[in-house]
Structure formats: structure tokens, C-alpha cells
Amino acid sequence: MIAALVLTLAAAAPPADAATDRVLVVAFRAEGVEARLVEALERDVAEAAAALDVDILSRQDVAALLDVDAARQAMSCTGESAGLADIAGGLGARRVIAGVASRLGDEVEVALTLLDTHGAAVLARASARAPVQ
């Protein structure tokens, strides 16, 4: 299901330049769905997008980078913290995949949105439902 959603996003969006268009997969919003399922969905989306030969940064990648940056800031004692826009820009992410996982009775619906951070525009949307297992 996830691979099909990512392919739908990729097909609906203007072509990305794999050499320059990094894609950031941000934390998905959970609506009645367990956190571990949402984290698994985030990983699946990142893996499916990476299989399309796209430069992907997952939430785990960003956390690791921020841990390094936080340690660097602590050592320099600047006390400055970057905003999300600064972080996205610093990571070179032109596109962002955001998602929502919602429980609907015996099903989970996953809705993905592909955003262009430079043009502040929605490039594509896709959603699918699957039975809860």
C-alpha cells in the first residue's frame, strides 16, 4: 500500500531533479493510531521513496543530525536554536512528504501530501485504506 501511495505522489508531481531535490519525510500525524504504527509508516514511506532514486531524509536522519548540531551548539555555548525553516533549508530539502494516519473503524487510512518548500505549494496528494492487522 505504501509503495503505491509514494508512486502516486511521484506520478502526480512535477519531476524532481534527483541531483538537487532532497525530500524530507516529516513526522506523521496520528489520529487514533498507535505511535509505533505511525513510525513504521514513516519508515516505509522513506524506504519506498528512496527506491525511486530520490535523496530522502527521514525523521530519524534529521534527529541524528540535530543531535550532532545540539552537541556542537552546547560546546560553542551560543544558545541559539534554529527554526524549522532554517533546519529544512540547511538540510537542502526542497520537497517534504507529510502524512496523516487515521483509524476508521477496522481500517487505517494513510494520506500523504507532497509539498514544495520553495514555492510553498502542494504538489500532490494521495491516500489509501487498509484493514487493521
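1. Two residues are in contact when heavy atoms of one lie within 4.5 Å of heavy atoms of the other. By that rule, and leaving out residues up to four places away in sequence, Ile97 touches Leu9, Val23, Leu24, Val25, Val26, Phe28, Val45, Leu112, Thr113 and Leu114. The structure discussed here is a predicted model.

2. The overall layout comes next. The protein chain has four helices and six strands. Along the sequence these elements follow the pattern α-β-β-α-β-α-α-β-β-β. The chain has 133 residues, and 32% of them count as buried. Take the contacts between residues at least 6 apart in sequence: 60% of these join residues at least 24 apart.

3. Which residues touch the most other members of the largest nonpolar core? They are Val45, Ile97 and Leu112, in a core of 25 residues. At least two residues of this core come from each of helix 1, strand 1 (22-25), helix 2, strand 4 (93-104), strand 5 (107-116) and strand 6 (121-131). Helix 2 gives the largest share, six residues. Another core lies apart from this one; it has six residues, including Val62, Leu91, Ala93 and Val96. On the contact list of Ile97 stand both Val45 and Leu112.

4. Helix 1 (residues 2-12) and helix 2 (residues 35-50) deserve a look as a pair. Their axes come within 9 Å and cross at roughly 55 degrees. Helix 1 and helix 2 are therefore oblique to each other. The crossing of helix 1 past helix 2 is right-handed. On the side of helix 1, the contact is made by Ile2, Ala3 and Val6; on the side of helix 2, by Leu41, Asp44, Val45, Ala48 and Ala49. Sorted by class, this contact has seven nonpolar residues, one charged residue and no polar residues.

5. Asp53 should be checked for its backbone angle. Most residues other than glycine have a negative phi. Phi of Asp53, however, is near 65 degrees, a positive value in a residue that is not glycine. Asp53 sits in the loop between helix 2 and strand 3 (56-57). Is Asp53 buried or exposed? Its relative accessible area is 60%, and the cut-off for exposed is over 50%, so Asp53 counts as exposed.

6. Ser58 is also in a loop, the one between strand 3 and helix 3 (59-76). Its relative accessibility is 11%. Buried means under 20%, so Ser58 counts as buried. Setting aside residues up to four places away in sequence, Ser58 touches Val25 and Ala46. Val25 is also one of the residues that Ile97 touches.

7. Arg125 belongs to strand 6. With 58% relative accessibility, Arg125 counts as exposed. Which residues is Arg125 in contact with, leaving aside its neighbours within four places in sequence? They are Leu9, Leu112 and Thr113. These three residues also appear among the contacts of Ile97. Arg125 and Leu5 are 120 residues apart in sequence, yet their C-alpha atoms are 8.9 Å apart in space.

8. To sum up, a student could start from Val45. This residue takes part in the contact between helix 1 and helix 2. Val45 is also among the residues that touch the most other members of the largest nonpolar core. From there the reader can go on to Ile97, which touches Val45.

Key
Residues numbered from 1 in each chain as written. Predicted model: local features only at pLDDT ≥ 70, side-chain atom pairs only at ≥ 80, totals over all residues. Heavy atoms only, no water. Axes fitted to C-alpha atoms, helices over the stretch in contact; angles between N-to-C directions. Parallel < 35°, antiparallel > 145°, perpendicular 65-115°, else oblique. Left-handed = near helix turned anticlockwise from the far one by under 90°. Nonpolar A, V, L, I, M, F, W, Y, C, P; charged D, E, K, R; others polar. Buried < 20%, exposed > 50% of the residue type's maximum accessible area, 1.4 Å probe, protein only. Core = buried A, V, L, I, M, F, W, Y, C linked by side-chain atoms within 4.5 Å.
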